[in-house]
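Biologist: Thanks for sitting down with me over this one. Could you put the chain on screen, and then I'll ask my questions one by one?

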Amino acid sequence: MRKWLLGGLGLLLLLCGGGVAAVTWFLTRSGIDTTGKVEFERALRIPPLAESTVDKDGRRVFELRAQAGESDLGHGATRTWGYNGSYLGPTLRAGRGEQVVVNIRNGLGESTTLHWHGMHLPARADGGPHRPIVAGGSFQAAWKLDQPAATLWYHPHPDRHTEAQVYRGLAGMFITDDPGTDSAALPHEYGVDDVPVIVQDKDFDGSQLSMGGRFGGDIGVLGDEILVNGTPGPYLDVPTELVRLRLLNASTARIYNFTFSDGRPFALVGTDGGLLEEPYPMRRLRLSVGERAEIVVAMRPGERVTLRSVKPLPDFGFGDRKFSGGEDSFDVLQLRAAPALRKSTAVPKTLVATPRLDPGQAAKTRDFTLSGRQINGDRMDMERVDAVVVKNTIEVWNVRNGHDTPHSFHIHDVQFQVLTVDGAAPPRQLGGWKDTIFLEPRKRYSVIARFSDHADPTTAYMFHCHVLRHEDEGMMGQFVIVEKAGDKPRLAHG
C-alpha cells in the first residue's frame with residue numbers, strides 16, 4: 001500500500017480518535033451514487049447571452065463584473081460569487097475576425113484575474129496570475145478573435161486562490177463562431193437545441209458551500225451534489241429531434257464519465273478547440289477538469305432520459321478510486337422530449353477538416369513530468385521562465401504523469417493535437433483540437449502545437465495541472481513567446 005495512503009489512514013485515525021470502526025467504514029464504504037434518486041424538479045437555467053456594444057473603432061465590447069451575492073442552489077440562500085449576477089456568468093459570444101474588448105471590474109473583497117480558457121490571444125490579455133485585478137479595480141482585455149468555432153470558457157486564475165474562487169461560482173462559457181469551421185447542419189439555436197451544460201459538484205454545510213468535501217483532500221473538493229448551470233435537480237425541455245449539448249467540466253477536482261440512463265449512443269462532434277473531422281459514436285465520455293465536449297443526442301417524442309456520470313475510474317487502483325471520486329456516480333440532467341418534436345437535420349457524416357501538425361517540423365521537443373505538486377521537480381515560481389518558445393514555431397511536448405494521482409493538463413494560448421498515448425495512437429475522441437487533457441497515472445502523452453501570432457517577452461503564459469488545488473499548490477509552470485531565437489524574456493508583473 002502506498003505511503004500516501006498509509007499517511008492518510010494515520011491522519012484519519014487521529015481525526016477519528018483512533019476509531020478502527022470508523023476507518024473500516026471509510027475503506028469499505030461504497031462511492032456516492034445518486035443514480036435514480038434525483039428529483040428533477042427545476043427547469044435548467046440557461047446562462048443568458050452577454051450583451052455587447054460596438055464602439056467607434058468597430059470593436060465588440062463586453063462588460064463583466066465579478067461580484068458577491070446569494071443564490072438558491074437547493075439549500076435556501078447560499079452565499080456565492082458570479083459575473084454580472086450572483087452565480088456563474090453570462091455566455092459571451094463573438095465571431096472570428098472580430099476585435100473583442102472585455103472590461104472587467106472586480107467587485108469582490110479580494111484580488112482576482114479573468115482567464116480565457118482555450119482562447120488564442122496576447123499574453124497580457126490571457127488573465128494569468130501575473131495581472132491581478134485588485135479589489136475595486138478594473139482591467140481591460142482586448143484581442144482579435146482568430147480561431148475556429150468552439151466551446152471555450154472563462155474563470156479566475158489568481159495566484160494560489162483559483163480553487164476557492166471557481167468553487168464559489170466564478171465561471172462562464174465563451175462560444176466562438178466561425179462559419180468556415182462549423183457545420184450549419186448541427187443544432188444551432190442557443191438555449192433551445194444548442195445548450196450549455198456547465199457541470200459542477202458541490203458540498204454543503206447547512207445552506208452554505210463547504211470546501212471540506214467528501215474525502216477528497218489530496219485532489220480537492222469532491223462534493224456529493226451536482227449543479228448544472230447552477231441548477232440543482234435540473235431538467236431540460238427538448239423541442240427538437242436532436243439536441244446539442246456543450247458539456248463543460250467546471251468542477252475544481254471531479255472527473256466525470258458521461259453516459260445516458262438507457263445506454264443510448266450519442267455523437268461526439270467537438271472537443272475543446274472545435275469540431276472533429278467526423279462525428280464519433282459513443283456511449284460513454286470521460287471529461288477531466290476543464291475539458292469540454294460537444295455531443296448530439298437523438299430524442300423520441302414524449303420520452304425522458306437522464307444524462308448521468310458513472311464511475312469514472314473503473315480500472316484504476318484502490319486508492320485512486322477511493323480518494324479521487326473514481327467510484328462515484330451521479331444523475332446530472334434529465335432530458336424531457338416534447339410530445340411532438342420539430343424535425344432536425346441529420347448529423348452530417350463529415351464535419352470540419354483538421355489539418356495535422358507535422359512532428360517532423362517541430363523546432364523543439366520538451367519533456368514534462370508531473371508528480372507531487374511539481375512539474376519537472378519544480379513548484380511554480382512567477383520569477384522563473386520554464387520555457388522560451390519562438391513565435392510561429394511548432395513544438396512537441398511530452399507530458400507524463402509520474403505518479404498515481406490523476407491530473408488534468410492545460411496549456412494556455414494554444415490548441416494542440418494528441419500524437420500518442422504511451423507511444424500508441426490516441427483514441428478517436430482525442431483526434432481533434434485540445435487545450436486540456438486527462439493524464440492517467442503513470443502514462444505519457446505526446447502533444448503538438450503551433451505557437452503563433454503573439455510574442456511578448458515581458459508576459460508569460462501558463463501550463464499546469466487543471467485540478468485547481470494542485471495548481472494552487474504549485475503544479476504550474478510558465479512559458480514566454482519571443483520574436484526570434486536568442487531573444488531573452490524579461491518578465492514584468494501587474
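Biologist: Which loop holds Asn229?

Modeller: This is a predicted model, and we can place Asn229 by the strands on either side. Strand 13 covers 225-228 and strand 14 covers 231-232. Asn229 is therefore in the loop between strand 13 and strand 14.

Biologist: Is Asn229 buried or exposed?

Modeller: Buried means under 20% relative accessible area. Asn229 has a relative accessibility of 1%, so Asn229 is buried.

Biologist: And what is the phi of Asn229?

Modeller: Most residues other than glycine have a negative phi. Asn229 is not a glycine, yet its phi is positive, at about 55°.

Biologist: Let's move to Arg442. What is its phi, and where is it found?

Modeller: Arg442 also has a positive phi without being glycine, with a value near 70°. Strand 30 (436-439) and strand 31 (444-451) flank Arg442, which is in the loop between them.

Biologist: How does Arg442 count: buried, partly exposed or exposed?

Modeller: The class between buried and exposed runs from 20% to 50% relative accessible area. Arg442 has 43%, so Arg442 is partly exposed.

Biologist: Back to strand 14, then. Which residues does Thr231 touch, leaving out those up to four places away in sequence?

Modeller: Thr231 lies in strand 14 and is buried, with a relative accessible area of 5%. With residues up to four places away set aside, its partners are Arg42, Ala43, Leu44, Arg45 and Ile226.

Biologist: How far apart in space are Thr231 and Ser344?

Modeller: In sequence, 113 residues separate Thr231 and Ser344. From C-alpha to C-alpha, the distance between Thr231 and Ser344 is 27 Å.

Biologist: I'm curious about Phe174 too. Which residues does it touch, not counting those up to four places away in sequence?

Modeller: Phe174 belongs to strand 10, residues 172-177. Its relative accessible area is 1%, so Phe174 is buried. Among its contacts are the tryptophans Trp116, Trp143 and Trp153. The others listed for Phe174 are Leu92, Arg93, Ala94, Met119, Leu145, Ala150, Thr151 and Leu152.

Biologist: What is the spacing of Phe174 and Glu241 in space?

Modeller: Phe174 and Glu241 are 67 residues apart in sequence. Their C-alpha atoms are 26 Å apart.

Biologist: Now for the whole chain. How many helices and strands are there, and what is the radius of gyration?

Modeller: The chain has five helices and 33 strands. For 494 residues the globule rule gives 23 Å, and the chain comes close to that, so it is as compact as a globular protein of that length; its radius of gyration is 22 Å.

Biologist: What share of the residues is buried?

Modeller: Along the principal axes, the C-alpha trace spans about 60 × 60 × 50 Å. The accessible surface comes to about 18800 Å², with 50% belonging to carbon and sulfur atoms. Of the 494 residues, the buried share is 60%.

Biologist: What share of the contacts with a separation of 6 or more joins residues 24 or more positions apart?

Modeller: We take the contacts in the chain with a separation of 6 or more as the whole set. Residues 24 or more positions apart account for 78%.

Biologist: Last one: where is the pLDDT below 50?

Modeller: The chain averages a pLDDT of 93, and 91% of the residues score at least 70. Where pLDDT is low, the predicted coordinates should not be read in detail. The stretches with pLDDT below 50 include residues 1-18 and residues 21-26.

Technical notes:
Residues numbered from 1 in each chain as written. Predicted model: local features only at pLDDT ≥ 70, side-chain atom pairs only at ≥ 80, totals over all residues. Heavy atoms only, no water. Helix = DSSP H or I, 4+ residues; strand = E, 2+ residues; numbered from the N terminus. Rg over C-alpha atoms; globule rule 2.2 N^0.38 Å. Buried < 20%, exposed > 50% of the residue type's maximum accessible area, 1.4 Å probe, protein only. Contact = heavy atoms within 4.5 Å. Areas by Shrake-Rupley, 256 points an atom, 1.4 Å probe, with all protein chains shown as cover. pLDDT = per-residue confidence, 0-100.
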